[in-house]
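Reader: Please take me through the packing in this model, one question at a time, and give the cut-offs of each term as you come to it.

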Amino acid sequence: MINLLSANKFARLHLLYTLLILSTAIFLFAMIIAFIRWNLWNIDEQFKTDANHVRNHIRDQLAQNETVLIGLGSFLTTKEHVNIAALDTYSSAMMARFSHISMFQIAEYVEGNFSAFQTILRMQGVKDPVITRFGEDTDQRDAVESLPVIFVAPSSSKAVLGLDLSTIDFIRRALPSKADSEMTISEPIDLFEGDRALVIMQSIPSKDVIGSSYIALILIKQDMLFPQQDIDKNWTVSIRVVPPSRKSFEIGSYIAEAQASYSLHKAKVTDSINFSKYTIQFELSKNITWKDLDLWKLSLFIFMVLLVLAVLCLIYFMHFSVEQQRDKHQKMLYQQANYDLLTNLPNRFYFEDTAARVLLNAERQKAGVLLLFVDLNGFKSINDNLGHEAGDRVLAAVGATLTKVLRQGDLAARLGGDEFVILIDNVPNLTAVLNIIEKVRRVLAALYVEGVPTENISGSLGFAYSLQHGYDLYKLLQVADKSMYGEKHYHRQRRLFTTI
């Protein structure tokens with residue numbers, strides 16, 4: 001019984017700690033996942049902040065270019081006519097201040113012939129001015145409105161004087177009309193230096209005595225639209241211009257390098273900026289990898305998780321070991337309190353407690369219970385003549401024999417000294433009682449103990465039967481004891497007769 005209770009206790013203990021460790025592990029690993037998600041959220045928020053910085057930079061650059069164009073227009077409106085020398089001084093100062101501007105240009109709207117435009121060039125000291133065009137069918141160009149360039153900054157010695165802009169496709173598509181004062185943006189072009197650039201234009205009212213209309217142009221590098229310090233952050237960037245009546249076109253893009261590390265998440269921001277009649281759309285994205293996480297904090301967090309689990313496992317093993325020692329000690333105390341250490345049979349205390357319950361149950365069912373009282377004959381002489389060690393071996397042999405001969409559920413106990421008692425339930429009648437007594441006699445008679453003569457080992461049996469003597473334990477013990485003494489007296493008389 002105690003072994004079953006002990007097994008149940010250890011099973012419950014094992015289940016309890018298993019559930020505790022598993023639930024703790026699940027909770028802690030959920031915390032790790034939550035930490036990673038929180039880390040990714042922080043990266044997303046930081047990316048949004050950086051994207052807002054990029055948006056502000058693009059907006060500031062466009063506003064700056066707008067200011068430059070407005071300033072150039074304001075400069076022209078203060079003059080009676082175009083002065084190349086004055087424009088050279090002004091544009092040089094502006095280009096020194098704004099490094100992203102590669103070129104300043106002023107162009108005149110010309111309808112039909114270019115005589116007025118050539119007159120202006122002669123006034124600036126240009127001899128034999130020539131109108132340069134791109135493409136063929138130049139005769140047909142004379143009848144249409146054109147925009148010849150009259151100045152190219154920064155160096156007037158390299159200026160292109162008399163370049164018909166209407167013969168350049170990407171500029172012609174973006175040219176504003178005379179009445180249109182809003183700014184326009186051309187598609188990107190490739191410069192000789194290998195960079196890509198945009199042309200931003202705006203019509204300018206003029207106080208020219210001839211009454212001509214002009215347009216201011218600046219050439220800007222498209223890379224300058226994006227913050228230079230953010231180019232190396234391995235972002236994927238796309239900036240597009242959406243005109244009101246034409247297809248959109250891309251003015252800037254950066255493709256992130258492929259990374260070997262596994263991507264955990266993709267941060268992406270899409271936004272737009274209104275510039276004049278255009279919408280500037282930009283999209284920023286970045287693949288978030290393990291390298292972007294706060295690996296030091298994550299490693300520390302994982303270490304703490306493993307440490308907690310290791311401590312729980314250590315506590316479990318320590319508790320299990322303590323419970324094993326306690327169980328072992330309790331079993332030892334239980335054994336000492338309820339069993340005879342020599343024969344390993346139950347002692348008087350255990351026998352009386354168990355027998356009382358068996359008899360109570362048998363009384364309810366009116367069942368027969370047999371009580372046998374066994375007393376060894378001549379045991380004192382064995383101790384005196386062969387020594388107490390031989391007597392102990394005889395007692396142990398009797399205990400082992402009684403244990404083997406009994407059915408499962410029957411009870412044999414050592415009451416003390418050389419007295420043993422046997423309790424057998426469910427004995428239906430006296431015939432069964434006699435058969436059991438005869439069986440016990442035979443096994444005692446056949447008992448062999450090394451170093452002890454067989455004739456010295458015998459036992460006297462007394463019995464009590466509940467169907468005849470009642471269900472009171474102490475009364476049954478008295479009846480069995482009296483019956484045993486009757487047989488013991490018979491053995492003494494027989495031994496005495498044999499001796500004479």
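**Cores, sheet and helices**

Author: Ile218 touches Asn65, Val68, Leu69, Ile101, Met103, Phe104, Leu198, Val199 and Ile200, with residues up to four places away in sequence not counted; contact means heavy atoms within 4.5 Å. The model is a predicted one, in which local features need pLDDT of at least 70 and side-chain atom pairs count only at pLDDT 80 or more, while totals for chains, interfaces and linings use all residues. Residues are numbered from 1 along each chain as its sequence is written, and side-chain values use heavy atoms, with hydrogens and water left out.

Reader: Which helix gives the most to the largest nonpolar core?

Author: A nonpolar core is a set of buried Ala, Val, Leu, Ile, Met, Phe, Trp, Tyr and Cys residues joined through side-chain atoms within 4.5 Å, where buried means under 20% relative accessible area, exposed over 50% and partly exposed in between (1.4 Å probe, protein chains only). The largest such core has 58 residues, and Ile218 is listed with Ile58, Ile101, Phe104, Ile239, Ile280 and Leu284 as having the most contacts inside it. With 18 residues, the element that gives the most to this core is helix H1 (residues 2-77), helices (H or I, at least four residues) and strands (E, at least two) being DSSP runs numbered from the N terminus.

Reader: Is Ala174 buried or exposed?

Author: Ala174 lies in the loop between helix H5 (169-172) and strand E6 (184-185). Leaving aside neighbours within four places in sequence, Ala174 is in contact with Thr184, Ile185, Ser186, Met201 and Arg246, and its C-alpha atom is separated by 5.2 Å from that of Ser186, which is twelve residues apart from it along the chain. The relative accessible area of Ala174 is 2%, which makes this residue buried.

Reader: Which strands stand at the edges of the open sheet of four strands?

Author: The open sheet has the order E15-E16-E14-E17 with antiparallel pairing, and two strands pair if DSSP finds at least two bridges between them. E14 (residues 370-376) and E16 (residues 419-424) pair over six bridges, whereas E14 and E17 pair over seven. One side of each edge strand is left without a neighbour in the sheet, because each has a single partner strand; the edge strands are E15 (411-416) and E17 (459-465).

Reader: How many residues of E14 are buried?

Author: Within the sheet, Val374 stands opposite Phe420 in E16 and opposite Leu461 in E17. Both faces of E14 are covered, with Leu370, Leu372, Val374 and Leu376 buried on one side and Leu371, Phe373 and Asp375 on the other. E14 is therefore largely enclosed by the rest of the structure, and the count of its buried residues is seven of the seven.

Reader: At what angle do the axes of H9 and H10 cross?

Author: Axes are lines fitted to C-alpha atoms, for helices over the stretch in contact, and angles run from 0 to 180 degrees between N-to-C directions. Helix H10 (residues 430-445) lies across E14, E16 and E17, and the contact between the two helices is made by Val398, Thr401, Leu402 and Val405 of H9 and Lys439, Val440, Val443 and Leu444 of H10. The two axes come within 10 Å, and the angle at which they cross is roughly 140°.
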